[in-house]
Amino acid sequence: NWYVSENSHDYGTSTYNTTISDSTNSSYILFAYLYGYNRKTYATVNGNNFTIPSQIIQGQTISGSGVLSNANTIDMTYLVRISTSHYDTIRDVLTK
């Protein structure tokens, strides 16, 4: 379980809990509840870095990246496509 401190350009700051788990495919990890979604967002991992490839969740496109800064901190930035011409920029700090 991880505590998320989120700063959304459109919605301001919020906090919530998320889980990070392995997927059935060993090259992916899964983030639960990012951006308030009820579905998991997957990310590919390379060392301490990860990439959230472009994916559609609940009708919106999400993509981004992050880094495991230390055993207890993850920094991530991602975009959510709200409309054809607008993206919300989100910066999260996850702590254990």
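1. Charge distribution. In this predicted model, the protein chain carries 5 positive and 6 negative charges, and the mean positions of the two sets lie 7 Å apart.

2. Secondary structure. The protein chain contains 9 strands and 0 helices. Its order along the sequence is accordingly written β-β-β-β-β-β-β-β-β.

3. Overall dimensions. The radius of gyration of the protein chain is 13 Å, which agrees with the value near 12 Å that a compact globule of 96 residues would have. The C-alpha trace extends over about 35 × 25 × 20 Å along its principal axes.

4. Burial and surface. Buried residues make up 33% of the 96 residues in the protein chain. The exposed area of the protein chain is about 5600 Å², with carbon and sulfur atoms contributing 48% of it.

5. Contacts along the sequence. Among contacts in the protein chain with a separation of 6 or more, 28% join residues that are 24 or more positions apart.

6. Aromatic pairs. The structure has 5 aromatic pairs. In the pair formed by tyrosine 35 and tyrosine 37, the ring centres are 5.7 Å apart and the planes meet at 50 degrees, so the arrangement is classed as tilted. An angle under 30 degrees would have counted as stacked, and one over 60 as edge-to-face.

7. Setting of the tyrosines. Tyr35 and Tyr37 belong to one aromatic cluster that also includes Tyr11 and Tyr78. Tyrosine 35 has a relative accessible area of 15% and is therefore buried, the cut-off being under 20%. Tyrosine 37 is likewise buried, with a relative accessible area of 3%.

Methods: Residues numbered from 1 in each chain as written. Predicted model: local features only at pLDDT ≥ 70, side-chain atom pairs only at ≥ 80, totals over all residues. Heavy atoms only, no water. Helix = DSSP H or I, 4+ residues; strand = E, 2+ residues; numbered from the N terminus. Rg over C-alpha atoms; globule rule 2.2 N^0.38 Å. Buried < 20%, exposed > 50% of the residue type's maximum accessible area, 1.4 Å probe, protein only. Contact = heavy atoms within 4.5 Å. Areas by Shrake-Rupley, 256 points an atom, 1.4 Å probe, with all protein chains shown as cover. Lys, Arg positive; Asp, Glu negative; His and termini not counted. Charge placed at Lys NZ, Arg CZ, Asp CG, Glu CD. Phe/Tyr/Trp six-rings, centres within 6.5 Å; stacked < 30°, edge-to-face > 60°.
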